[in-house]
Amino acid sequence: MILDYILRRLGLLLFMLLMLSIFTFSLAYLFPGDPLSNLSGVPSNNFSQNTQLEDKYLYNSNYFTQYIAFLGRVFQGDWGLSFASGDNVFSHILDLLPATLELSVYALIVSIFIGVPAGILGSAYYNRWPDKLINSTTIVGYSMPVFWLALLLIMIFSLKLGWFPMSGRMGLLYEIPPSTGFMLIDIALAGFPYKGMAFTDALHHLTLPTIVLAMYPTTVLVRFTRESMLKIMDQNFIKTARAKGLNRRQLILHHALRNALLPVIKKIGLQFSTLITLAMITEVIFSWPGIGRWLIDSIYQRDFPAIQGGLMAVSLFVILATIVTELLYSLFDPLSRNQAHGKV
Amino acid sequence: MHKFLLTLLAVTLAGCLDSEERVIEEKSQGLVYCAEANPVSFNPQVTTTGSTIDIIANQLYDRLISIDPVTAEFQSELATDWRVSKDGKSVTFTLRQNVPFHTTAYFTPTRTFNADDVIFTFSRLFDVYNPYHFVGDASYPYFQSVGVDQLIRKIVRVSDYQVRFELFNAESSFLANMATDFAVVLSAEYAMKRKAAEQEGLFDQYPVGTGPYIYREYRRDNLVRFYRNPDYWKHDVALEQLVYDITPNGTARIAKLLTKECDLAAHPSSAQLSILAQREDINIEKETNLNVGYWAFNTERPPFDDIRVRKALAHAIDTDKIMQAVYYGNGTRAESMLPPTSWAFDAQTSMPLFDPDLAKSLLAEAGLKDGFDMNIWAMPVSRIYNPNARKMAELMQSDLRKIGVNVNIVEYEWNTFIQRIGEHRHDSVLLGWAADTPDPDNFFSPLLSCSATFSGKNPANWCNPKFDLLLAQALDTTDILMRKKYYADVQSLIMDELPLLPIAHGLRFQASSADVEGITLGPFGAISLANARKK
């Protein structure tokens, strides 16, 4: 039963990957300029080099053969060279993706730890002042553009008060060998050098971007948890439990919460694509050396191989994250597997 | 009780301050410099980009000789002594002994600096048998534009610590060119090691020099990291670490300076200087600099081939307004092609003054009574000699409209811009030149000579045999009075012919945190951080 479900999901995943790869491949032809140099990243200027490239990329055969060759190169990690740096696009992505992931994961954790309890609190005090306070704060946070919030925080906490730095992942004078690409883990692996100060410095640098990035998902989670809780609290089994004489605390913690959080897990997975988009903006403002800033720089510089590779990596990541959370969700909630054939 | 609490508070606060001071110390005495662009190479021979030279030249390398910024005399660096033969056609350098090259992760030197290194470095410029001559498309822009690659006949190894440069003809600017930031000495042993491993391409990317700092890492769009050279031959280096934070946005550089994320910021814009000057924790250094911002006409293209038209246009421009709105009072109005601090400077009485009526009558004389359409190319980046070319072009546009000339402003991405100027696709262009040496020839040969026209470096597309003859005569003699006279003629010839209109000389600015000292910012050439330290 569950195997069947997983297989169906994987089928969907494969289909999406196929569409994505076809789209990425066709970008080389859709972008202005010579498709061959868009694919390879080598600006073609001399003849011998050109024929060599044509051979490698099977440029003179039909589109289908070219596409197959393209897939082969994708799996080998040969994603062409960046126009701007002359280095392999794939190695750029490997360098940069961890920074983005790190920021997004911390923001997500923060938003779960704040958003879910705040939502529960709101539903527990439904229509009383804590609920109203949380609700109005949520609306403010939800409607504030992320770039504006970022600039505001920089103005207050970096330039005025000087509490937090405004750019980068850590003070540049600390030299941490990049082994995983996740800054905090790297520092821990290096054995907390500089007497642990590098670690606190990295946390310092993380603070503002994490707050900015966590704002939107937190507000979404607050609203969603609250609504889901209210819906559950209205159901008959809760009424029965209340009639049996359980107090509110017992009701919420033992009966309502488990059931209310299930749809929230699904919602968290769906947040990932929004999160990545917001992460790009956050990265640009805080000069965070992640994939988003790089991608936006590449767009400015018309670095087509980099745009192509970056788009592929980011979409691949979002697709994978969505599928994984859906699988997790179905593990927790057996009911959803039955409905997989479609529901209104 | 209250007193007790207060004391307790005071003690705790003092403790906090204490630990904060320790933090600064343990950041291992490093300095962060907010630079404006990625370095394009780590070898100064192959580029003339100012932002790159500022990062690499004086930090990683040494030259044979340098020029004292105050007295303008040659100083010994890697060469302890230099002798020019009587006919001026050979120069013998005696080299310093026991100067070690950098030991890095990718190279460990087995010998100290000697004659082989000098021969390797400079023969790369002209000798097709040098294994590195064609690496990087044999492009050595500075040396090629001043003709050094055509000047050296051969370099002779006299002994381990003596080399003789034999020249095709005596040129008085040769020593000055050897003292530029581009004429650094590279390691021949390292080059041969790269060649043996067939990694010639990496030679210019992973540098080995003799300078005060050693290359550690470069992460594109992020940072360049150097460490102290513990065996620096000249003096002890105070900074343990030197990091370049690559921040292309000018406002972000200033903001980082305010939040103490960097100690030094390159090229703060004039508009922001007033804000910075109010802060006590920030120092603004102002330095006169040998440069000129100009408006060059494409003299091969009608109607700009007519001198009366060029003069009319020059008379139509209100330079006072430009000085206020573009330079914010931080520049000197040009009185000649050369800045007033140059020894050959000669104030020109024929400098065109703002006179729209005269401009109109000159145009009428040239048969262009009804005016015409033209374009002004404005460079897209901010430089010392012209902080805001776009704004300058807009001011000129409104001035020129008054004499009936319609101006269209053209802008391109910087590298494309330079390339298309080289192809002479413009009517006129706002550009400038910052000197690499105090030698006045540096302002003329690379810019306005006939050979510069052929190599695409002459923005006026102007070739005047009389002008070239004067330059050659000035270079042929070492008599300073004679040279002065020739350069005076050169300057007045430019004003008579007006292939370009000199507009202003900018000041060079550097903003730094108040606890940094020892930054050397000269009137020419790149910044040096060899003596920088934190108080």
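## Strand pairing in chain B

Two strands pair if DSSP finds at least two bridges between them. The model discussed here is predicted. In chain B, strand S4 (residues 79-84) and strand S5 (residues 90-95) meet that criterion with five bridges, in the antiparallel sense. One of the residues involved is Asp81(B), whose bridge partner in S5(B) is Thr94(B).

S4(B) and S5(B) form a hairpin with five residues between the strands. Gly88(B) in this hairpin has a positive phi near 75°.

## The four-stranded sheet

The hairpin strands belong to an open sheet of four strands in chain B, ordered S4-S5-S7-S6. Pairing is antiparallel. S4 and strand S6 (152-159) of chain B are the edge strands; each has a single partner strand, so one side of each lacks a neighbour in the sheet. From one strand to the next, the twist averages 20°.

At the S6 end, S6(B) runs antiparallel to strand S7 (residues 162-167) of chain B, and six bridges join the two. Arg157(B) has Val163(B) as its bridge partner in S7(B).

## A helix on the sheet

Helix H3 (residues 115-126) of chain B packs on this sheet. H3(B) touches S5, S6 and S7 of chain B. Its direction makes about 170° with that of S6(B).

## Contact between the chains

How many residues of chain A are in contact with chain B? The count is 16 residues of chain A, against 19 residues of chain B. The chain A side of this contact has eight nonpolar, five polar and three charged residues.

Methods
Residues numbered from 1 in each chain as written. Chains lettered and ligands numbered in written order. Predicted model: local features only at pLDDT ≥ 70, side-chain atom pairs only at ≥ 80, totals over all residues. Contact = placed C-beta atoms within 7 Å. Nonpolar A, V, L, I, M, F, W, Y, C, P; charged D, E, K, R; others polar. Axes fitted to C-alpha atoms, helices over the stretch in contact; angles between N-to-C directions.
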